[in-house]
Amino acid sequence: MSSSWITGFSLGLALIVAIGAQNAFVLRQGLRREHVGTIVLFCAASDALLMSAGVGGLGRLIGAAPALAAALTWGGAAFLVVYGLKALWRARRPGALAAGADCGLTRRQALAQAAAFTLLNPHVYLDTVVLVGAVGAQQAAAARPVFVWGAASASLLWFGALGYGARLLAPLFAQPRAWQVLDLLVGATMLVLAAALVF
């Protein structure tokens with residue numbers, strides 16, 4: 001295995017394994033068993049594209065456009081507040097929460113939310129475009145695609161484990177109270193992340 005692949009994989013895994021809006025969404029979809037494969041592939045492919053763009057120089061472009069960074073920050077914060085409040089609202093009615101509930105998301109709705117968590121989150125750009133891009137740009141030109149593949153592999157592995165591994169928690173989440181606690185945690189996390197973005 002090439003050292004560029006290992007460097008990319010290690011960096012990608014270190015950056016993605018953290019509590020965040022995107023990870024909480026993938027976990028929730030995994031627990032509900034709704035469009036898991038679609039969501040995992042979308043999130044991993046988005047990361048791969050953003051990492052490729054970062055290694056290709058997009059990070060420098062974003063750094064030179066403060067208005068774009070501000071728009072991403074405010075848009076992301078607004079989305080996180082709305083999603084966080086919805087999660088807290090769901091937690092008020094624990095009896096209505098179940099993995100197989102009929103009120104789940106359609107594939108299009110799930111993809112729209114995954115896109116919002118991915119593209120409206122400035123931290124995604126910081127991790128994938130700026131940080132991965134900066135380290136990738138230091139690789140030899142011939143090694144850069146291998147580095148990106150390593151980082152993208154970490155993303156695919158993580159989202160796959162999170163989305164499909166959530167099934168192991170299914171017995172716990174057979175209880176409405178567990179869904180209530182999850183939604184309280186998700187709601188609080190989203191609001192804290194929104195506040196961190198703004199302040």
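These are questions and replies on how some labels were assigned in a predicted model.

Me: What makes the contact between R28 and D183 a salt bridge?
Reply: The side chains of R28 and D183 meet at 3.1 Å, N to O. A salt bridge needs that pair of atoms within 4 Å, so the contact qualifies. R28 sits in helix 2 and D183 in helix 9 (residues 176-198), 155 residues apart.

Me: Why is R28 called buried?
Reply: R28 has a relative accessible area of 6%, and buried means under 20%. D183 also falls under that cut-off, at 0% relative accessibility.

Me: What links R90 to D183?
Reply: A salt bridge, with the closest N and O atoms 2.9 Å apart, which is within 4 Å. D183 lies in helix 9 and R90 in helix 5 (residues 66-91), so the pair ties together parts that are 93 residues apart in sequence. R28, R90 and D183 are thus linked in a network of salt bridges.

Me: Why is helix 2 called oblique to helix 8?
Reply: Helix 2 (residues 21-32) and helix 8 (residues 144-165) pack at an angle of about 40°, with their axes 7 Å apart. Angles under 35 degrees count as roughly parallel and 65 to 115 as roughly perpendicular. An angle of about 40° fits neither range, so helix 2 is oblique to helix 8.

Me: How do you know that V130 is partly exposed?
Reply: V130, in helix 7 (residues 122-137), has 33% relative accessibility. Buried is under 20% and exposed over 50%, so V130 falls in between. V130 forms a nonpolar surface patch with L126 and L131.

Notes: Residues numbered from 1 in each chain as written. Predicted model: local features only at pLDDT ≥ 70, side-chain atom pairs only at ≥ 80, totals over all residues. Heavy atoms only, no water. Patch = residues over 30% accessible without salt bridge, like charges linked within 9 Å, V, L, I, M, F, W, Y side chains within 5 Å. Areas by Shrake-Rupley, 256 points an atom, 1.4 Å probe, with all protein chains shown as cover. Helix = DSSP H or I, 4+ residues; strand = E, 2+ residues; numbered from the N terminus. Buried < 20%, exposed > 50% of the residue type's maximum accessible area, 1.4 Å probe, protein only. Axes fitted to C-alpha atoms, helices over the stretch in contact; angles between N-to-C directions. Parallel < 35°, antiparallel > 145°, perpendicular 65-115°, else oblique.
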